[in-house]
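Student: I have a model open and would like to go through its labels with you. Could we ask of each one what earns it?

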Amino acid sequence: MRIGHGYDVHRFEQGRKLILCGEEIPTAENIGLLGHSDADVAVHALMDAMLGAMAMGDIGQHFPDSDEKYKGISSILLLKEVAALLSKHGAKLSNADITIIAEKPKLAKYILKMRTNIAEALGTDISCISVKATTEEGLGIAGKGIAAHAVCLVASQSKATVRNAEVFRR
Ligand code: MG
């Protein structure tokens with residue numbers, strides 16, 4: 001077993017869709033997150049946790065935001081690519097715990113759908129995917145955007161040590 005952690009933050013932008021764990025969340029103010037892809041901050045944190053568990057670099061290396069082919073792309077598709085990369089190296093996500101930090105909007109009623117989206121993308125059981133939401137009580141950056149942490153365990157048969165993330169660049 002290997003452990004991984006990922007963290008990401010994206011700022012709010014008027015007129016963007018808000019996508020979290022592959023789910024489009026309606027907002028009263030018509031705000032979403034700014035980013036090159038669909039800016040799904042929770043899936044970004046999860047992908048970094050999965051890559052981190054394997055010492056395979058980060059999503060910036062695998063899916064550079066300078067590459068036009070990732071413009072506006074669904075992060076769920078990128079998550080499937082990360083899972084395929086792990087699979088290629090004999091590894092599979094065992095479980096993940098994602099914490100979304102947002103002052104707004106309220107996310108409670110979307111949590112089950114978010115967990116389902118992630119589980120389906122990874123071909124795993126929903127019991128292996130936890131998504132939680134919290135605020136910073138108005139004290140932090142979360143009023144200006146949304147942040148997410150993810151930790152995961154990856155089951156890996158591979159004893160190989162990845163010494164250079166460049167190896168995994170596309
Ligand atoms: Mg990101």
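Student: Let me start with a simple one: where is His-62 placed?

Tutor: His-62 belongs to helix H2, which covers residues 59-62. Keep in mind that we are looking at a predicted model.

Student: What makes His-62 buried or exposed?

Tutor: Its relative accessible area is 2%. Buried means under 20%, so His-62 counts as buried.

Student: How do you know that the side chain of His-62 has a polar contact, and which atom is its partner?

Tutor: A polar atom of that side chain lies 2.7 Å from the backbone oxygen of Met-56. The limit for such a pair is within 3.5 Å, and 2.7 Å meets it.

Student: On to the metal. Which residues are called donors of the magnesium ion, and why?

Tutor: The protein donors are Asp-8 through OD, His-10 through NE2 and His-44 through ND1. They lie 2.0 to 2.3 Å from the ion, and a donor has to be within 2.8 Å of the metal, so these atoms qualify. Along the chain the donors follow the spacing D-x1-H-x33-H.

Student: What makes Asp-8 and His-10 buried or exposed?

Tutor: Asp-8 has a relative accessible area of 16%, and His-10 has 14%. With the cut-off for buried at under 20%, Asp-8 is buried and so is His-10.

Student: And His-44, in which helix is it, and is it buried or exposed?

Tutor: His-44 is in H1 and is one of the buried residues there. Others among them are Val-43, Ala-45 and Leu-46.

Student: Why is H1 called mostly covered?

Tutor: Twelve of the 13 residues of H1 are buried.

Student: How do you know that the length of H1 agrees with what a helix of 13 residues should span?

Tutor: H1 runs over residues 41-53, and at 1.5 Å a residue its expected span is 18 Å. The end C-alpha atoms are 18 Å apart, so the two values agree.

Student: What is notable about the backbone of Ala-55, just after H1?

Tutor: Ala-55 has a positive phi of about 50° although it is not a glycine. Ala-55 sits in the loop between H1 and H2.

Student: Why is Ala-55 called partly exposed?

Tutor: Its relative accessible area is 33%. Partly exposed is the range between the cut-offs of 20% and 50%, so the label fits Ala-55.

Student: Which other residue that is not a glycine could I check for a positive phi?

Tutor: Try Asn-30, where phi is about 55°. Asn-30 lies in the loop between strand S3 (23-24) and S4. With a relative accessible area of 47%, under the 50% that exposed requires one to be over, Asn-30 is partly exposed.

Student: Now the sheet. What is the order of its strands, and is it open or closed?

Tutor: The sheet is open, with five strands in the order S4-S1-S7-S5-S6 and mixed pairing. Strands S4 (31-33) and S6 (129-134) are at the edges because each has a single partner strand, so one side of each has no neighbour in the sheet. On average, neighbouring strands are turned by 25° against each other, direction ignored.

Student: How do you know that S1 and S4 pair, and in which sense?

Tutor: Three bridges link S1 and S4 in the antiparallel sense. Pairing takes at least two bridges, so S1 and S4 pass. In this pair, Phe-12 stands opposite Leu-33 in S4.

Student: What makes the pairing of the sheet mixed?

Tutor: Strand S1 (residues 2-14) and strand S7 (residues 145-156) run antiparallel and are joined by ten bridges. Strand S5 (residues 91-101) and S6, on the other hand, pair in the parallel sense over six bridges. Tyr-7 stands opposite His-149 in S7, while Ile-100 stands opposite Ala-133 in S6.

Student: Which helix lies across S5 and S6?

Tutor: That is H4 (residues 111-122), running at about 145° to S6.

Student: Last one: what makes the peptide bond between Lys-104 and Pro-105 cis or trans?

Tutor: Omega is about -10°, and the bond is cis. Pro-105 is in the loop between S5 and H4.

Conventions: Residues numbered from 1 in each chain as written. Predicted model: local features only at pLDDT ≥ 70, side-chain atom pairs only at ≥ 80, totals over all residues. Heavy atoms only, no water. Helix = DSSP H or I, 4+ residues; strand = E, 2+ residues; numbered from the N terminus. Expected span 1.5 Å × (residues − 1). Buried < 20%, exposed > 50% of the residue type's maximum accessible area, 1.4 Å probe, protein only. Polar contact = N/O pair within 3.5 Å; in protein donor to acceptor, adjacent residues only side chain to side chain. Donors = N, O, S within 2.8 Å, 3.2 Å for Na, K, Ca; no water. Axes fitted to C-alpha atoms, helices over the stretch in contact; angles between N-to-C directions. Contact = heavy atoms within 4.5 Å.
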